[in-house]
Amino acid sequence: MALEPRGKGSRQIKRSVNVKWRQRRRASGSAACVALERNKAAKPPKKGVAILNPNQNIVVLTGAGISKESGLDTFRDEDGIWSKVRIEDVATPEAFARDPGRVHDFYNMRRNALGMSGVKPNAGHKALARLEAEWPGRVLVVTQNVDNLHEAAGGANVLHMHGELMKARCAHCGDVFAWADDLDVSMECQTCARTGGLRPHVVWFGEMPIYMEEIHQALELCGLFVSIGTSGNVYPAAGFVQHVRMTTDAHTVELNLEPSEGSAQFAETIYGQASEIVPAFVQRVLEKGW
Ligand SMILES: [Zn+2]
């Protein structure tokens, strides 16, 4: 994703998200902190376990690699989604302005694929939900994925920086709501009753990722940063490890099928199938810390 927003649509999105952030902060702090506080309060500290760093926060970044074993296509692999369709035809504000029907078709297809019975969270998603439930400190999952597999595995503290496939957003009023059906250009917004504004709640190329302020706050407070299943070449997520290294003493770990483009920046790297290496890593952290 590019860093700078382009076009009228993306400015509207950024503004509406910022308004919501401000409202949330005024009410009770940032989304990440609220989520982390709720997580902390729910768990008593473990007894008799000599964890090195039990009260430190963990931030986990996930990408398409963790969902591939659940049957969802990745984007940048040789056989990934971007080898079959052109980004500029289906995943930019300009494409939506030019041919909204085609963009809706693409995301309706992906939403239907996510809803197919065979697509379920795998052992990697489940292990992260376990980490969140059992780690005595705080755990936040930041995902680049628009699927809902972290939540389906039981994860609660999840920020979708690239949006969510199972939500729709109104370009007229900015409202975001759960959406499991197909979208089309004739539909009416349930909030403002205007037509033609409903779009997938996903961040397109040329638009700003969401929750960036909360994510940077969480990165600066973490003791462990883990990157799972990301290609390491999509910013700003690819820059998170560097941000952690510049602002904290946190341990940094890459879990991936193969070394990513940013692998040299991590203190520790583990390679293999996510469904195998993520549960093993979570087990190790829960037993010993890092
Ligand atoms: Zn609306």
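# A tour of two sheets and their helices

Select helix H9 first: in this predicted model, H9 lies across strand S1 (57–62), strand S2 (139–143), S3 and S7. The helix runs at about 120° to S7.

**The six-stranded sheet**

Next, select the strands beneath that selection and the rest of their sheet. Six strands make up an open sheet, in the order S3-S2-S1-S7-S8-S9. The pairing in this sheet is parallel. At its edges are strand S3 (158–160) and strand S9 (268–271), each of which pairs on one side only. From one strand to the next, the twist averages 15°.

Keep strand S7 (residues 222–228) and strand S8 (residues 251–256) on display. These two strands run parallel and are joined by five bridges. To find one of the pairings, pick Ile228: its bridge partner in S8 is Leu255.

**H9 and H10**

Add helix H10 to the view. H10 lies across S1, S7 and S8, and runs at about 165° to S7. Now show H9 and H10 together, as residues 212–220 and residues 240–247. How do the two axes cross? They come within 9 Å of each other, at a crossing angle of roughly 45°. H9 and H10 are therefore oblique to each other, and their crossing is right-handed.

Turn on the side chains at this contact. From H9, select His216, Leu219 and Glu220; they meet Phe240, His243, Val244 and Thr247 in H10. The residues of the contact divide into three nonpolar, three polar and one charged.

**The loop before H10**

Step back to the loop between S7 and H10 and select Pro236, which is found there. Is the peptide bond from Tyr235 to Pro236 cis or trans? The bond is cis, and its omega is near 10°. For context, most peptide bonds are trans.

**The three-stranded sheet**

Hide the first sheet and select S4, S5 and S6. Here an open sheet of three strands has the order S5-S4-S6. The pairing in this sheet is antiparallel. Strand S5 (176–178) and strand S6 (198–202) are the edge strands, each pairing on one side only. Neighbouring strands of this sheet are turned against each other by 45° on average, with direction ignored.

Narrow the selection to strand S4 (residues 163–170) and S5. Three bridges hold this pair in the antiparallel sense. Pick Ala168, and its bridge partner in S5 turns out to be Phe177.

Bring in helix H6 (residues 100–115), which lies across S4 and S6. Against S4, H6 runs at about 135°.

**The loop between S5 and S6**

Stay with the three strands and follow the loop between S5 and S6, where Ala193 has its place. What is phi at Ala193? The angle is near 65°, a positive value in a residue other than glycine. In general, most residues other than glycine have a negative phi.

**H7 and H11**

Select helix H7 (residues 123–134) and helix H11 (residues 274–288). Their axes come within 7 Å and cross at roughly 15°. That makes H7 roughly parallel to H11, and H7 passes H11 in a left-handed crossing.

To see the contact, select the residues of H7 and H11 in turn:

- In H7, pick Ala123, Gly124, Ala127, Leu128, Arg130, Leu131 and Glu134.
- In H11, pick Ala274, Ser275, Val278, Pro279, Val282, Val285 and Leu286.

Sorted by class, the residues of this contact are 10 nonpolar, two polar and two charged.

**Confidence**

Finally, colour the chain by pLDDT. The average over the protein chain is 84, and 81% of the residues score at least 70. Which stretch has a pLDDT below 50? Select residues 1–42 to see it. Beyond near neighbours in sequence, this stretch has 62 contacts in the model.

Key: Residues are numbered from 1 along each chain as its sequence is written. This is a predicted model: local features need pLDDT of at least 70, side-chain atom pairs count only at pLDDT 80 or more; totals for chains, interfaces and linings use all residues. Axes are lines fitted to C-alpha atoms, for helices over the stretch in contact, and angles run from 0 to 180 degrees between N-to-C directions. Helices (H or I, at least four residues) and strands (E, at least two) are DSSP runs, numbered from the N terminus. Angles under 35 degrees count as roughly parallel, over 145 as roughly antiparallel, 65 to 115 as roughly perpendicular and the rest as oblique. A crossing is left-handed if the near helix is turned anticlockwise from the far one by less than a right angle, and right-handed if clockwise. Two residues are in contact if their C-beta atoms, placed from the backbone, lie within 7 Å. Ala, Val, Leu, Ile, Met, Phe, Trp, Tyr, Cys and Pro count as nonpolar, Asp, Glu, Lys and Arg as charged, and the others, Gly among them, as polar. Two strands pair if DSSP finds at least two bridges between them. pLDDT is the predictor's confidence in each residue, from 0 to 100.
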